[in-house]
Amino acid sequence: MTIRNQLAGIAAVLAVLALPVHAQRATAPLAALDSASLWQTLGALSADSMKGRRMGTPGSASARALLVRRLGSAGLVPLAPGFEQSFPVTMRDTSVRTGVNVLAMVRGADTSRVLVVSAHYDHLGVSGGQVYNGADDNASGTAAVLALAEYYARHTPRHTMIFAFFDGEELGMPGARAFVKSPPVPRARIVADVNLDMVSRLDKKEIYAAGTSHFPFFRPLLEATAAVAPVTLLLGHDTDAHGLHDNWTTQSDHLAFHAEGIPWICFGVEDHPDYHRVTDDFERIDAARYVGAVRTIADFVRRLDQSLDTVVPARPAK
Ligand SMILES: [Zn+2]
């Protein structure tokens, strides 16, 4: 990452903020996220100094330190000592490593139902001397969830929200499974997971929300979101109609929630040429489209929070 690119990105963000009044009115329902801060966070998480954020490495610890510092100064409630939930992971070669989720909460006016907003912060690390920065996968989702956490720390939500930064998604999702196995609140209170995985490379100006084929009750909220979204929000990638790989149901951390019968929606873009390559870099992300995607997701989260008690059907307690 270079300073020049970062400044160009900030200029693009400021250009978005300087839309004419009528355009601002049209996007009024969207949460007023701090887009300059969002962009800077994305740059920091995907910098070479984070060494690709592989589980169990110093780069992972650096990314976690950034998250913990920001959550602490925003005043979120830690759901584990120092916000960090550690868990053992048995690797293929039977060695045992430690993964660490970062878990924070904002209490809502109603604490009986809890919404989880999640993203995995890990990526592939360093291989062959090259850093896999994972700017889209998934520094983009991580920076967005952090921005939402900071937003709701200042604007009390209707329902309690947990902001979960999962470790190890790239190594088989042990972080999400550890969370669901030992949730920091009674599992029956967790009503839904909104998972973000790769939300910045809107090369076609499109982002998908997967999950409505399993959970059609989310559809009206997503359609209302799409109607005012600054990017194209599409539904799909949640059936085998176009092949197993096209179905995202099993392809990110929401799978752990799915296995427990907890409804989820996952936001993401389709695979692009830089997916899981050393070229998944900050420089390749269009700031205005990324901010537009995050505003869209934030708008959905706001709508879901407003109607969580009526939209999501009650689940039998496990
Ligand atoms: Zn990912």
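**Aromatic pairs, a zinc site and two helices**

A search through the whole structure, which is a predicted model, turns up 13 aromatic pairs. One of them brings together phenylalanine 215 and phenylalanine 217, whose rings sit 6.0 Å apart from centre to centre with 50° between their planes, a tilted arrangement. The two partners differ in how much of them is covered. Phenylalanine 215 has a relative accessibility of 10%, so it counts as buried. Phenylalanine 217, at 23%, counts as partly exposed, because the cut-off for buried is under 20%. Ring pairs also tie Phe215 and Phe217 into a cluster with Phe218, Trp264, Phe267 and Phe300.

Next comes the zinc ion. Its protein donors are His120, through NE2, and the OD atoms of Asp137 and Asp197, with Asp197 listed twice; they lie 2.0 to 2.7 Å from the metal. Along the chain, the donors follow the spacing H-x16-D-x59-D. Histidine 120 belongs to strand β4 and aspartate 137 to helix α5 (residues 135–154), so this pair, 17 residues apart, links distant parts of the chain. What makes the arrangement around the zinc ion irregular? The four donor atoms subtend angles of 52 to 152°, whereas a tetrahedral site would need all angles between 85 and 135 degrees. Two of the donor residues are well covered by the cut-off used here: histidine 120 is buried at 1% relative accessibility, and aspartate 137 is buried too, with a relative accessible area of 2%.

Strand β4 turns up again in the surroundings of helix α6. This helix spans residues 174–181 and is mostly covered, with six of its eight residues buried. Those buried residues are Pro174, Gly175, Ala176, Ala178, Phe179 and Val180. Which elements do the buried residues of α6 pack against? The list takes in five strands by name, β2 (84–90), β3 (96–106), β4 (110–120), β7 (159–166) and β8 (190–196), along with helix α8 (254–259).

Finally, there is threonine 296, placed in helix α9 (residues 287–311). Is threonine 296 buried or exposed? Its relative accessible area is 0%, so threonine 296 is buried. The side chain of threonine 296 reaches the backbone oxygen of glycine 292 at 2.7 Å. Leaving aside residues up to four places away in sequence, threonine 296 touches Thr225, Ala229, Pro230, Val231 and Leu233.

How values were computed. Residues numbered from 1 in each chain as written. Predicted model: local features only at pLDDT ≥ 70, side-chain atom pairs only at ≥ 80, totals over all residues. Heavy atoms only, no water. Buried < 20%, exposed > 50% of the residue type's maximum accessible area, 1.4 Å probe, protein only. Helix = DSSP H or I, 4+ residues; strand = E, 2+ residues; numbered from the N terminus. Contact = heavy atoms within 4.5 Å. Donors = N, O, S within 2.8 Å, 3.2 Å for Na, K, Ca; no water. Tetrahedral: all angles 85-135°; square planar, octahedral: opposite > 155°, others 65-115°. Polar contact = N/O pair within 3.5 Å; in protein donor to acceptor, adjacent residues only side chain to side chain. Phe/Tyr/Trp six-rings, centres within 6.5 Å; stacked < 30°, edge-to-face > 60°.
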